[in-house]
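Here are a few sheet-and-helix exercises to work through with the model open in your viewer. Try each task before reading its solution.

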Amino acid sequence: MGKTSIQTNFRNAEVIKNKWALIVAFLVLFTACKPKTAEKKYTVDVYQTSFAGDNLKLLTNSEVNTETPELKKINLQLLPNKEFQKYYGFGASFTESSAWNLATIPVAKRKEVMTKLFSPTEGAGFSLTRTHINSSDYSNTHYTYVEEGDEDLSTFSIHEDEKGFSGDENDQVSGVALVTPSYDLIPMILEASSIPGADFKIIASAWSPPSWMKTGETAPMTNGSLLPEYYGIWATYLSKYVTAYAEKGIKLWGITPQNEPLHYHDAQWDSNGFEPEQGRDFLRDYLGPQLVKDGHLNTDDLDAGLHVLLYDHNKSTMIEYVTPTYEDPEASKYAWGTAFHWYANSELEENNYYADEITKLKETWPDKGIIHSESSIDIDANDPIGQYWRLSTDYAGEFIPFETYAYDIISDLNHGTQGYVEWCSILSDKGQPNPYNNYNSAPVLINPVTDEVIYTPLYYLLSHFSKFIRPDAKRIALDGEKMEGLIYTAAKNTDGSIAVVVFNKNEEALEVSLTIEAETYTTEIAPRAMQTMLLNSK
């Protein structure tokens, strides 16, 4: 081999060597500069309530991070910057019947029940509630706050709400031992307020004025209508009630002038008729001005004081009812928004949960609030747990309560509703006391003889919302595939946490993938189950 060939081969070897050195250096540099796999931005806790027996169960990582090939898959995408309505809360109501049941159990157990209802860390954290002005269908007797014929209201007193129980109010309470006879509606509200972390608003609703102010009654405080000559006195009465509660340390958030104003021809309990035009006139000419005069209402800022909610009856006809008031500027200026009920619940599914009515209400009067203020079902005292998961029958027809509640709440929220309130928070295991043979279930049931406390599936269902979607949260966009038997919603709390509530009505489990900001979290939801996925930023 010649000298030139040797030099050429040497140069070629050097070139190859230098090339490989450059490649190795580049690979080292690339590897060093390549970002490590980013950690997830959120931690996710998944809570499940199911037909199989989970009750707000916190699922383990192995139960959440599941990829089962045969499962149907649903992909959802969170858009946290796309916000909708603000939430005021979720919960159930303070009634005299609820207070009576609490008076029958030991003080320590009563405190435990109240903690389970109102603590956001140890319980459901109920944040929006309701109570009754004068007696209601869940009071032990008919009562008002004035003596008969007192047009000056000089005898006005809310003593009936705090005087306690004697045991002779009606046959249902007679003979039942009371641990705390002095307990009552106002002590119940005050005890709820004392629970650490409790944060709830109260809407007060009138069932009936005193009988001497009405005409056409069929029984004391039942059916009939308020006489026009008493409109002014009744308005003053309601305003005095707000003042009296404030003096007891209970600031009311809202008021509905009349519960179920169209149910006054065949009611069994306290009721009063207010047709749409009557309701408009009463608010415009009497109640609104009186609340302003007494400092309860600020027409320049309806969010600053007492919130007046119209209607308080079935959502199927709410638009027809509120229209006369909202179209009258002098009446509308006093009205913060609309309250509605879910009855008749067996008709909800076939009417798509009246979603179109809620949407129309919101689009027609976008500056008015919307609150669901009452729902309930008849109790099956022989099966108070199981009845929520099977076809049940009550006065409204046949339906599966847990599924109907889940769809009703989520549908309401997805169409603009800003809060959801169940009727009685606590009743007996027989749905009592109710002197009118109208026995309801409730989130909490108490056996007043044995002191047994039952937390029904409704308690856990409501907790999926109240515990994780806190006051002032906002609904956010949650886009995804449509699937039969699946409904979902999402909200962002003021602390930045995000709650996603999913209900699977189907008989088989599903795999749910939730994507947010290019990150995906996967969970398996059981058949006939509700899940709340709570996302907290790290």
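Two strands count as paired if DSSP finds at least two bridges between them. Keep in mind that this is a predicted model.

**Exercise 1.** Work out the strand order of the open sheet with 3 strands, and find its edges.

*Solution.* Start with the order: it reads β16-β17-β18, with mixed pairing. Next, look for strands that pair on one side only: those are β16 (426-428) and β18 (453-455). Then check the twist: ignoring direction, neighbouring strands here are turned by 25° against each other on average. Finally, zoom in on one pair. β16 runs parallel to β17 (residues 444-446) over 3 bridges, and isoleucine 426 sits opposite valine 444 in β17.

**Exercise 2.** Now trace the open sheet of 9 strands and pick out its edge strands.

*Solution.* Walking across, you get β2-β1-β24-β21-β20-β19-β3-β22-β23, again with mixed pairing. The ends of that walk are the edges, β2 (57-58) and β23 (519-525), each paired on one side only. For a close-up, take β21 (residues 498-504) and β24 (residues 529-537): they're antiparallel, over 7 bridges. Within that pair, valine 500 faces methionine 533 in β24.

**Exercise 3.** Which strands does helix α11 touch, and which does helix α12 lie across?

*Solution.* Take α11 (residues 401-414) to begin with: this helix packs on the sheet and touches β1 (42-50), β3 (72-86), β19 (474-480), β20 (486-492), β21 and β24. Its direction makes about 50° with that of β20. Then move to α12 (residues 457-466), which lies across β1, β21 and β24 and runs at about 25° to β24.

Key
Residues numbered from 1 in each chain as written. Predicted model: local features only at pLDDT ≥ 70, side-chain atom pairs only at ≥ 80, totals over all residues. Heavy atoms only, no water. Helix = DSSP H or I, 4+ residues; strand = E, 2+ residues; numbered from the N terminus. Contact = heavy atoms within 4.5 Å. Axes fitted to C-alpha atoms, helices over the stretch in contact; angles between N-to-C directions.
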